[in-house]
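Colleague: Before I set anything up, could you walk me through this one while I have it open on the screen?

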Protein chains: 2
Amino acid sequence: MHEAMGKHYDEEYLQLIKEHGVRPTANRILVARALGRAGRPTSQKELEDILKTLDKSSISRCLTLFKAHHLVHVLEDGSEAVRYELCWSYSCQTDDDLHVHFYCEVCGRTFCMSDIPIPLVRLPEDYTLHSVNYMAKGVCASCRNKN
Amino acid sequence: MHEAMGKHYDEEYLQLIKEHGVRPTANRILVARALGRAGRPTSQKELEDILKTLDKSSISRCLTLFKAHHLVHVLEDGSEAVRYELCWSYSCQTDDDLHVHFYCEVCGRTFCMSDIPIPLVRLPEDYTLHSVNYMAKGVCASCRNKN
DNA sequence: ATCTTTTTGCAACCCGGTTGCAAATACAGT
DNA sequence: ACTGTATTTGCAACCGGGTTGCAAAAAGAT
């Protein structure tokens, strides 16, 4: 695992990109940094709102590239939007996330329960398992306390 | 639980619809039956292909209604399409499915592992849990054997 | 049978996302 | 640094899945 979210220097985003064999263009660094600073799984739409100077097609292409090079994890949270999450582990080859996620039905945010690993189940013999998405839904702490 | 999928009489679909307080129109029975006969979680698009005589807006409205009346479970399988699954349990109030699902990355089908319940995790105190989506991904038995 | 309410199909629209293309930028070789 | 090649970018047009406004059709009530 890595240190807490949102505490990375620009240098580190550059490094992260290079390490995955992706050419570190200005846009790509911006997208990676936006993902990192968000601190939680982020949809393309949200990135467009954050990075107003970039065209949505550029962001789309960045994400596609990051996906292909395993720089991000991809997950669906039930809000029919795909979300992306930076992956700081160098050798991670799965596209999904390995920990539990929580989708708040009130505020629409998705949280990483980074310290709760996904409990695995036993599948029938002839199924090959590649990855698992575990999405819990309900009301998050801050929304709950607001009422 | 209920008997095996795809063995329901038309009468039963009618019953199911009525039991949930929905007026059983011809279209609604068709949609419910299509869902039931599919025997696995089905996307709106797939339903449109099956029910060529119905307009997609009619199907959309059926599904919205079924959702509101807890007649179907809703789940996302990672193919950016929402899938619907008939729920035969009368008093089920959750929108999600309670068992594990498996998405085959080769054929794109989603399978219900009806007999594998979702293992629950312990969330932080102040999170309220409503439901859980457990989606395993990989290669299904028949796709694996084809190679 | 007539009036009222609900449901339906069509077309138009919406939203998130992708793609074709030409301009801009970065890179390589000399 | 200069020129030629490859990559990246922004724009606009497009795409797919889905929803909505509206008028016609069907169902229900009196």
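Colleague: Is L47(A) buried or exposed?

Modeller: L47(A) counts as buried because its relative accessibility is 0%, where buried means under 20% relative accessible area, exposed over 50% and partly exposed in between, with a 1.4 Å probe and protein chains only. This is a predicted model, in which local features need pLDDT of at least 70 and side-chain atom pairs count only at pLDDT 80 or more, while totals for chains, interfaces and linings use all residues. Residues are numbered from 1 along each chain as its sequence is written, chains are lettered from A and ligands numbered from 1 in the order in which they are written, and side-chain values use heavy atoms, with hydrogens and water left out.

Colleague: Which element does L47(A) lie in, and what does it touch?

Modeller: L47(A) lies in helix 3 of chain A, helices being DSSP runs of H or I with at least four residues and strands runs of E with at least two, numbered from the N terminus. Leaving out residues up to four places away in sequence, L47(A) touches V31(A), A34(A), L35(A), T42(A), I59(A) and L63(A), contact meaning heavy atoms within 4.5 Å. L30(A) is 17 residues from L47(A) in sequence, and their C-alpha atoms are 9.9 Å apart in space.

Colleague: T42(A) is on that list; where is T42(A) found?

Modeller: T42(A) is found in strand 1 of chain A, residues 42-43, and it counts as buried because its relative accessibility is 2%. A polar atom of the T42(A) side chain lies 2.6 Å from the backbone oxygen of R40(A); a polar contact is a pair of N or O atoms within 3.5 Å, and within protein one must be able to donate a hydrogen and the other to accept it, with residues adjacent in sequence counting only if both atoms are side-chain atoms. Beyond its neighbours within four places in sequence, T42(A) is in contact with L35(A), L47(A), V82(A), R83(A) and Y84(A).

Colleague: Switching to the DNA, which residues come nearest to strand D?

Modeller: There are 15 residues around DNA strand D, and T25(A), R28(A), S58(A), R61(A) and S60(B) come nearest, a residue being near a strand if one of its heavy atoms lies within 4 Å of it. Of the atoms of DNA strand D that come within 4 Å of the protein, sugar and phosphate account for 65%.

Colleague: What are the polar contacts there, and which element gives the most residues?

Modeller: T25(A) has a polar side-chain atom 2.8 Å from a phosphate oxygen of DNA strand D, and for Q44(B) a side-chain N or O atom is 3.5 Å from a phosphate oxygen, whereas R61(B) has a side-chain N or O atom 3.5 Å from a base oxygen. Helix 4 of chain B gives the most to this surface, with 4 residues. By class, the surface has no nonpolar, 7 polar and 8 charged residues, where Ala, Val, Leu, Ile, Met, Phe, Trp, Tyr, Cys and Pro count as nonpolar, Asp, Glu, Lys and Arg as charged, and the others, Gly among them, as polar.

Colleague: And which residues come nearest to DNA strand C?

Modeller: K56(A), S60(A), T25(B), S58(B) and R61(B) come nearest, out of 15 residues around DNA strand C, and sugar and phosphate make up 66% of the strand's atoms within 4 Å of the protein. A side-chain N or O atom of K56(A) is 2.9 Å from a base oxygen, while phosphate oxygens are 2.8 Å from such an atom of T25(B) and 3.2 Å from one of N27(B). Helix 4 of chain A gives the most to this surface, with 4 residues.

Colleague: How many residues are in contact between the two chains, and what area is buried?

Modeller: In chain B, 36 residues are in contact with 36 residues of chain A, and the buried area is about 3,000 Å², of which carbon and sulfur atoms give 59%; buried area is the accessible area, with a 1.4 Å probe, that two parts lose on being put together, summed over both. On the chain B side, Y127(B), Y134(B) and K137(B) lose the most area to chain A, together 20% of what that side buries.
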